[in-house]
Amino acid sequence: MKTIEAIFPNGVCGVLRTTDPDAGFQACLAAIEGGIGTIEITTTVPSCFEMVRGILATTGGKTPIGVGTVWDPGAVRDAKDAGADFVVTPVLLPEVAEACRQEDLLCVLSALTPTEIYQARLAGAALVKVFPITPVGGIEYIRSLNGPMGGVPYFVSGGVEVGHIADYLRLGVRAVGLTNSLFSAEALAHRDFDGIRRKAERAAEAAASARGD
């Protein structure tokens with residue numbers, strides 16, 4: 001299993017949700033070109049596992065790829081076969097964590113409350129995805145969690161904007177997921193890959209600034 005540092009090299013993960021796999025594929029390549037360090041393809045994307053294979057083949061396997069919105073432990077084997085480095089659940093699913101352990105894939109379990117976060121770690125989550133982060137307080141929620149639960153490796157996602165990246169990373173968050181703020185429905189519909197690349201560049205710069213403090 002690769003380490004968190006290897007899978008999330010700059011702490012920024014582009015999370016793709018779309019019904020247009022061709023536009024999604026091109027958008028992921030644009031985001032990678034712009035400096036996004038990691039890509040997550042959700043299972044709601046048509047032919048998601050083929051997209052994982054395609055991105056890895058096109059980029060020479062240099063960018064870590066994960067599969068998200070995994071509900072079924074059986075999908076963990078599909079993710080591994082496609083070449084994914086990690087799996088993300090939308091809720092706390094210990095059976096998926098067990099499947100990840102068997103397949104030697106890094107597991108990200110989603111949780112929200114302190115109790116769920118604790119249970120996710122007990123279940124074997126290498127990272128705990130606090131989702132959806134923005135509606136429950138965003139940066140201040142993580143700051144509050146860090147008091148009694150400092151040291152938990154967090155992945156935050158759900159309404160995160162590029163301007164939030166540096167603040168999250170400074171609080172010790174290990175990965176920041178960008179969904180609509182990077183791969184907006186409008187940008188995908190208009191195939192605005194240059195715009196996605198520019199957003200990726202800003203995201204990478206924000207991450208670099210936080211890590212350079």
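Where is arginine 191 found? Arginine 191 sits in the loop between H9 and H10. Keep that spot in mind, as point 6 comes back to it. Please remember while reading that this is a predicted model.

1. **The chain as a whole.** Let us start with the broad view. The chain has 10 helices and eight strands. Its radius of gyration is 16 Å, close to the 17 Å that the globule rule gives for 213 residues, so the chain is as compact as a globular protein of that length. If you draw a box along the principal axes, the C-alpha atoms fill roughly 45 × 40 × 25 Å.

2. **Inside and outside.** Of the 213 residues in the chain, 54% are buried. The chain exposes about 8900 Å², and carbon and sulfur atoms supply 52% of that area. Contacts also tell us how the chain folds back on itself: among those with a separation of 6 or more, 63% join residues 24 or more positions apart. As for charge, there are 18 positive and 24 negative charges, and their mean positions are 4 Å apart.

3. **Helix H10, a good one to trace by eye.** Helix H10 covers residues 193–211. With 19 residues at 1.5 Å a residue, helix H10 should span 27 Å, and its end C-alpha atoms are indeed 27 Å apart, so the two values agree. Its buried residues are Phe193, Gly195, Ile196, Ala200, Ala203, Ala204, Ala206, Ala207 and Ala210. When you look at the spacing of such a list, a general rule helps: an α-helix has 3.6 residues a turn, so residues three or four places apart point the same way.

4. **What H10 packs against, and one residue that is exposed.** The buried residues of H10 pack against several elements: strand S1 (12–16), helix H2 (21–34), helix H8 (165–170), strand S8 (175–178) and helix H9 (185–189). Alanine 208 also lies in helix H10, yet alanine 208 is exposed because its relative accessible area is 51%, and the cut-off for exposed is over 50%. The C-alpha atoms of alanine 208 and leucine 169 are separated by 9.8 Å, although these residues are 39 residues apart along the chain.

5. **Isoleucine 32.** Here is a residue to compare with alanine 208. Isoleucine 32 lies in helix H2. Its relative accessibility is 17%, so isoleucine 32 counts as buried. Leaving aside neighbours within four places in sequence, isoleucine 32 is in contact with Ile39, Ile55, Thr59 and Thr63. Proline 90 is 58 residues from isoleucine 32 along the chain, and their C-alpha atoms are separated by 24 Å.

6. **Backbone angles worth a second look.** Some background first: most residues other than glycine have a negative phi, and most peptide bonds are trans. Arginine 191, from the opening question, has a positive phi near 50°. Arginine 191 is partly exposed, with a relative accessible area of 37%. Serine 47 has a positive phi too, of about 55°, although it is not a glycine. You will find serine 47 in the loop between strand S2 (38–42) and helix H3 (48–59). Serine 47 is exposed, with a relative accessible area of 52%.

7. **A cis peptide bond.** What is the peptide bond from phenylalanine 131 to proline 132, cis or trans? The bond is cis, with omega near -5°. To find the place, look in the loop between strand S6 (127–130) and helix H7 (139–149), where proline 132 lies.

Methods: Residues are numbered from 1 along each chain as its sequence is written. This is a predicted model: local features need pLDDT of at least 70, side-chain atom pairs count only at pLDDT 80 or more; totals for chains, interfaces and linings use all residues. Side-chain values use heavy atoms; hydrogens and water are left out. Helices (H or I, at least four residues) and strands (E, at least two) are DSSP runs, numbered from the N terminus. The radius of gyration is taken over C-alpha atoms; the globule rule is 2.2 Å times the number of residues to the power 0.38. Buried means under 20% relative accessible area, exposed over 50%, partly exposed in between (1.4 Å probe, protein chains only). Contact means heavy atoms within 4.5 Å. Accessible areas come from the Shrake-Rupley method with a 1.4 Å probe; for residues, only the protein chains shown count as cover. Lys and Arg count as positive and Asp and Glu as negative; His and the chain ends are not counted. The place of a charge is taken as NZ of Lys, CZ of Arg, CG of Asp or CD of Glu. The expected span of a helix is 1.5 Å times one less than its number of residues.
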